[in-house]
Amino acid sequence: MKLINPSSNAALQVRIDQQQGIPLRAEFRCAAGELLAVVGPSGGGKTTLLRMIAGLSTPQSGEIRCGEQIWYNEQQCLTPQQRHLGYVPQHFGLFPHLNAEANVMAALDHLPKAERRAQARDWLRRVNLDGFPERLPHQLSGGQKQRVALARALARNPQVLLLDEPFSAVDRGTRERLYVELAQLKAKLNIPVIMVTHDINEAVLLADRVVLISQGAMLQQGEPLAVMAKPHNELVARHMGLRNIFDARVVALESNEQLAWLQFGEQRIACENPGHLQLGMQLRWVIPNQGVRFNSISQGRLPRSFNKLQVTIESMLVMGDLVRIATSVAGVEHPLQAEVSLNLAQKLGFHEGMQTEVALKSDMIHLFRHRA
Amino acid sequence: MKLINPSSNAALQVRIDQQQGIPLRAEFRCAAGELLAVVGPSGGGKTTLLRMIAGLSTPQSGEIRCGEQIWYNEQQCLTPQQRHLGYVPQHFGLFPHLNAEANVMAALDHLPKAERRAQARDWLRRVNLDGFPERLPHQLSGGQKQRVALARALARNPQVLLLDEPFSAVDRGTRERLYVELAQLKAKLNIPVIMVTHDINEAVLLADRVVLISQGAMLQQGEPLAVMAKPHNELVARHMGLRNIFDARVVALESNEQLAWLQFGEQRIACENPGHLQLGMQLRWVIPNQGVRFNSISQGRLPRSFNKLQVTIESMLVMGDLVRIATSVAGVEHPLQAEVSLNLAQKLGFHEGMQTEVALKSDMIHLFRHRA
Amino acid sequence: MDWLSLWLSVKLAAVSVAILLPITLWLGRSLAYHQFYGKSWLEALIMVPLVLPPTVVGYYLLVGLGRESWIGALLEQYFDAQLVFHFSGLVIASIVINIPFAVQPIQRAFEAIPEEIRDAAACCGMSRWRILWRLELPLAWPGILTAIVLSFSHVLGEFGVVLMMGGAIEGETKTLSIAIYDSVQAFDFDGAGAMSLLLVLFAMVTLAITSAMSRRMLRRSA
Amino acid sequence: MDWLSLWLSVKLAAVSVAILLPITLWLGRSLAYHQFYGKSWLEALIMVPLVLPPTVVGYYLLVGLGRESWIGALLEQYFDAQLVFHFSGLVIASIVINIPFAVQPIQRAFEAIPEEIRDAAACCGMSRWRILWRLELPLAWPGILTAIVLSFSHVLGEFGVVLMMGGAIEGETKTLSIAIYDSVQAFDFDGAGAMSLLLVLFAMVTLAITSAMSRRMLRRSA
Amino acid sequence: AQPNIAAAANIKFAMQKIVANYQKDTGNKVRVSYGSSGNFVSQLSHGAPFELFLSADEKYVTLLAQAGLTADSGVIYAYGKLALVAPNNSSLTLDPQLDGVKQLLDKQQLKRFAIANPEHAPYGERARELLKSKGLWQPLQDSLVFGENVSQAAQFALSGSTDGGIVALSLAVAPQFQQRGHYLAIPESEYSPIAQRMVLMKQASAEAKQFYQYLQSDRARAVFSDFGFGLPDKP
Ligand SMILES: Nc1ncnc2c1ncn2[C@@H]1O[C@H](COP(=O)(O)OP(=O)(O)OP(=O)(O)O)[C@@H](O)[C@H]1O
Ligand SMILES: Nc1ncnc2c1ncn2[C@@H]1O[C@H](COP(=O)(O)OP(=O)(O)OP(=O)(O)O)[C@@H](O)[C@H]1O
Ligand code: MOO
Ligand SMILES: [Mg+2]
Ligand SMILES: [Mg+2]
């Protein structure tokens, strides 16, 4: 008795408003074939959101719909079964008494019995787990468990796919393979995919759009790079991994060129004038990592859109082929940070205590409207 | 009744040889104040290794000692309690009926009762969990659970610290704070710290040394960057996240300059001659990401140590402020991959299908002794 | 040696447990999953047959199921059947008496199934029935087994109720416990001893096999 | 209304459970954690008092603890004390009879504690005793409670054993179950009914409070 | 101290009356436990603290005396008699020769007939003897239900689920019994009445002995007689 005919290619629309218990407010849409990454600090409400979409808990009010089908509103609420989705819970939720293969087969009830085993094995192969169909969950390593859960969620041809940090326990090699697999699947199945992740890079790499949730509130949504470039507020900026956030004061406005000058420590920098600035205004600004440059500046051939800044290198941290550099700017409390390639750092002869210049791209300087 | 007097500043020496059950062979040393990262593919045996060090399972043979104290050998085996260590299991192992604070207090038996609560709260604060001392584990999010486990392990002033993917569920911001906390602790406590991680960057950033375990065997150990630069074999290279691994044939040897020429597809490249090469030899080689460069090469001012290579850009993937570029080399099956900054990619006007040149630093080309 | 009584006792235990099991599974599971007002009282009520001396329960069953009661009268009138002094009556009595033994462990076992697993199953699209069959029952199995073992053994050893409403009819209601008691009363201590030994041996073999089998089953799957 | 007998029954139940609990905790926990050859047989052996009719158990206890037995003779000689026909004898009997009811749920409860938690505790440096007190007992609590409830109720309702080895001496061995039975035997159905009701009410109130309290306790902590 | 006394369950009604009288007459109290005679024998042989035992039958006393536990061989305090009983809803007609039973059997309307267990209960033994002598033992085989003792047989007989039974007259005369059924005393010529014997145990106290004497007094004998027992000749 199937209550619904899984109508593929339907977008998922979510509006949730909950004040009691675990507070959560969010509203977004995820089209078929789109991957939406939910990011945000630990305890923000990401898992709670996914559980509500899955039908495992009921929001106080709001609406969840998939295409024309209403999954939840004040009047009705479909069961998880009726929603026909694939869900990889954060802690995997494997059936402890069933082996890996049987765990996957449990999601294949819609197939004739004879095909289930073959299908299950196929899915295990695709998550790189050929060798272990007979293993019980407690005999699997953390990453292996996670992949079984992934295979189980994918196996049932879901209408919507929900992934709660699906790669957190998986090693890098397998993870990259699974990225590809996921991207292909998303396109092939043409369904909405919602993925919780802590890894901003993962979000940027895989997601079409990103939703940022913190302390039960949806702070921003949009394309990953757009959110990074224009975070609504400081909190968002921090959660997106931006570290260069500073105070400044507006000291000049060039109305014709739509440029504004900011007093930054003992120096001045130019930025684009978003229109609402007033002289003497105290504000916070942020610059993404790619807006900060060391190279080519010694030549003095900087275009107008670059601000030159005198800095002192405070510390250098080598991370693989990148060097993370923290610099101090005169009169500014917090360090200005940047990453440069190891090559460049060597070429420019960087060392701690060295005085140098950095360039801040003025069109990448983003001013916050509100203080966080 | 304390059986041992926790003698700090002792190095941990581990030799494990197990054939039956879960096979595992490893031998390494971790000095006090040193952080050893255990990396490797999922299911490789990392958790098994940590459990043996913790005394939760017994290897078939080998020896584990901490300073002068023998933790395990064929004759004797200390209990986990006697080993006096801190362990964050992969799945946290929180006590489900005790709240966060009581979970941490459980590790503080050595303190007078009155101090325990204050200490526990302090540790919760240090892992950024001030708000939730009363919450039970099932009322915590994944990352919050993990941080409680971390606080519990740190709280007892352990002699050795074992961390099984301790940051896997923690968001980026908190994670960076915990990195700093961990680095400080390591120095302050001056104890060996062993951390399992999937994140090579994390290993590079935090670890003094890295041990690579795959399929129950220890493949390599050493400084993270050294392992990346000179992986023993292809497997190691792949696990360290190196993607540019290719076939080649030795076509010329310049004995005086200790240089060798390799036929790579339709082109030739130079590399350092490790001494064992013979003309016509078929071999595999790898180049780390920082050995591949796009910039400055259009000027033709390449030093001798750079190989110029004609490539076609096949695909470009934007990841934050980096672009991941896959290129094809004539006559070579696998793509050559590289990451460049978004700036540079824009400056050089990269687009798919474009023909360009890359430079391979010849001293960074690493030849494998054995085929994987 | 009273083989007929042994056979009767075993039959009674088997039949009673077979009927008891579905009832207590339903009851125990409902109590485990649902919270409602007065649940504590219902749980206490279920314990009542355990608190009353079996002889008293037996007496009230004798009255409540006898020809004078409406159930007894109905049965007699339409089916010409009688519950008291009949095997069927003993079955009913054993069920009533053993509900507490069976419900408690079953309830605890269902309560112990992590919510996470049921959630995952719902998201896998498994129907309620499949969740019950494939997940809940196997996971609750140790508790269910305890219920089976406790009630099976208890029926084998049941005496008071059978005494009160059975009438010691050979082949019908004279179970081994009654036979043993009769022997003791007739000062036939050797006979009583031999029959007790037989009962103990039979029960031990059955129970040992059950527990070994179920351990093997669990080891294979957990 | 036989208040003396009610008081005696309650006292017997409380004392028996108080002694039974440590014994069965140790036994159930050992069975849960240790694997050894013949474990299935030991488990089956523990069930034996359940399989034998209570009257038979009572008879053998009478013989085994009576003046003629070496235990009885010893006690009589050195302490001038007697077990049979005394409250202390009933306590011993109740313990023997209830071991199976208590061990099974306790064993299952300990078996259900995840190894991961005990591992984590060992790594926290908690001693065996602290692990037992702070972790195992609280986590096994639902099973322990079942054991308490089952055996407490069962002692309240125990009849056969007391009948055989008690002697129905007022204030010493005439429990409420015996009193009820006597009333039934004497056709005093009203008296028996009233006493049964009293027993049921007392048990229900006790059990309902226990179960509500333990639910509150669990809710606070799980 | 009050002496502990063990009494067969079937004399409970009479005993209660006698004990009450005894207390009224002498101001002394006794503590009586009722139960099956067989049980008491087991218990007494394992040290039960009873000082006086009123058995339902002679044979139990003999057993104890042979074991050397009693002060003497005791005395017969009453003779138990049988009664044919039927519950109110039964179609059984009561007559001394048990013809009613025969008729009902012939009509195949007799479904259940209760007696005490003849293997160990004295009243059951006599009932079997009686039925055998009437040629009813075989025909009744499929209908008989056995009470563990005669009280239980009476309960079965009264439960309404049997058509009747043979029980102790002393039970049948009890008012509680008569509310639910009727009875007919079977003439003593049809069976040998049950000699109910009592005996003082070795360790019997003066109080117990006093009560033992009282049980043989006329006042006690009158009560036994009222409750349907036959009386032994006065010594
Ligand atoms: N059962 C519960 N009762 C009360 N509070 C809860 C419960 N479960 C979660 N919470 C709280 O709700 C908040 C949101 O939790 P949620 O699991 O959704 O966070 P999350 O964003 O998934 O975090 P993480 O990245 O650490 O997994 C957290 O503060 C958490 O402590
Ligand atoms: N109880 C067990 N019985 C049998 N095999 C087991 C058991 N536990 C783990 N294994 C197997 O042993 C191997 C090593 O497991 P281990 O947990 O040490 O891996 P790991 O390196 O920690 O992996 P991950 O990164 O996924 O956590 C795996 O192949 C796993 O399937
Ligand atoms: O003395 Mo009985 O009551 O015939 O067994
Ligand atoms: Mg979460
Ligand atoms: Mg692991």
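Reader: Before anything else, what does "buried" mean when it is applied to a residue here?

Author: A residue counts as buried when its relative accessible area is under 20%, and as exposed when that area is over 50%. In this predicted model, 59% of the 372 residues of chain A count as buried, while in chain C buried residues make up 63% of 222.

Reader: How many helices and strands does each of these two chains have?

Author: Chain A has 10 helices and 20 strands, whereas chain C comes to 12 helices and zero strands, so that its pattern along the sequence is written as α-α-α-α-α-α-α-α-α-α-α-α by the rule that each helix or strand is a run of assigned residues.

Reader: What box do the C-alpha atoms of each chain fill?

Author: Taken along the principal axes, the C-alpha atoms of chain A fill a box of roughly 75 × 50 × 35 Å, and those of chain C fill one of roughly 65 × 40 × 30 Å. It helps to read the contacts alongside the box: among contacts in chain A between residues at least 6 apart in sequence, 65% join residues at least 24 apart, and for chain C the corresponding share is 72%.

Reader: What share of the accessible surface of each chain belongs to carbon and sulfur atoms?

Author: For chain A, the accessible surface comes to about 15300 Å², and 47% of it belongs to carbon and sulfur atoms. For chain C, the surface comes to about 8700 Å², with 68% belonging to carbon and sulfur atoms.

Reader: And how far apart do the centres of the positive and negative side chains lie in each chain?

Author: In chain A, the centres of the 40 positive and 34 negative side chains lie 3 Å apart. In chain C, which has 14 positive and 16 negative side chains, the two centres lie 15 Å apart.

Reader: Turning to the ligands, which residues come nearest to ligand 1?

Author: Of the 19 residues around ligand 1, those that come nearest are A:T47, A:T48, B:R135, B:S141 and B:G143. The surrounding residues come from chains A and B, and therefore the site is shared between chains.

Reader: Which atoms of chain A lie at short listed distances from the oxygen atoms of ligand 1?

Author: A polar side-chain atom of A:S42 lies 2.8 Å from an oxygen atom of ligand 1, and a polar side-chain atom of A:T48 lies 2.5 Å from an oxygen atom of this ligand. The backbone takes part as well, since a polar backbone atom of A:G45 is 2.9 Å from an oxygen atom of ligand 1. On its own, ligand 1 has 630 Å² of accessible area, and the protein covers 84% of that. The elements that give two or more residues to the shell around ligand 1 are helix 1 (46–54) of chain A and helix 5 (142–155) of chain B.

Reader: What surrounds ligand 3?

Author: Ligand 3 is surrounded by E:A56, E:A121, E:P122, E:Y123, E:N149 and E:V150. A backbone N or O atom of E:Y123 lies 3.4 Å from an oxygen atom of ligand 3, and a polar backbone atom of E:V150 is 3.2 Å from an oxygen atom of the ligand.

Reader: Why would a positive phi catch the eye?

Author: Because most residues other than glycine have a negative phi. Here, A:F92 has a phi near 75°; A:F92 lies in the loop between strand 6 (85–88) and helix 3 (100–105) of chain A, and at 6% relative accessibility A:F92 counts as buried. C:A168 has a positive phi of about 50° and lies in the loop between helix 10 (160–166) and helix 11 (176–185) of chain C, where C:A168 is buried, with a relative accessible area of 11%.

Reader: Which pair of chains has the most contacts?

Author: Among the six pairs of chains that touch, the most contacts are between chains C and D. One residue to look at is C:S40 in helix 2 (residues 39–46) of chain C, which touches D:A208, D:S211, D:A212 and D:R215 and, at 12% relative accessibility, counts as buried. By contrast, no contact joins chain A and chain D, whose closest C-alpha atoms lie 10 Å apart, and none joins chain A and chain E, where the closest C-alpha atoms lie 50 Å apart.

Definitions and conventions:
Residues are numbered from 1 along each chain as its sequence is written. Chains are lettered from A and ligands numbered from 1 in the order in which they are written. This is a predicted model: local features need pLDDT of at least 70, side-chain atom pairs count only at pLDDT 80 or more; totals for chains, interfaces and linings use all residues. Side-chain values use heavy atoms; hydrogens and water are left out. Helices (H or I, at least four residues) and strands (E, at least two) are DSSP runs, numbered from the N terminus. Buried means under 20% relative accessible area, exposed over 50%, partly exposed in between (1.4 Å probe, protein chains only). Contact means heavy atoms within 4.5 Å. Accessible areas come from the Shrake-Rupley method with a 1.4 Å probe; for residues, only the protein chains shown count as cover. Lys and Arg count as positive and Asp and Glu as negative; His and the chain ends are not counted. The place of a charge is taken as NZ of Lys, CZ of Arg, CG of Asp or CD of Glu. A residue is near a molecule or strand if one of its heavy atoms lies within 4 Å of it. A polar contact is a pair of N or O atoms within 3.5 Å; within protein, one must be able to donate a hydrogen and the other to accept it, and residues adjacent in sequence count only if both atoms are side-chain atoms. Lists of a residue's contacts leave out its neighbours within four places in sequence.
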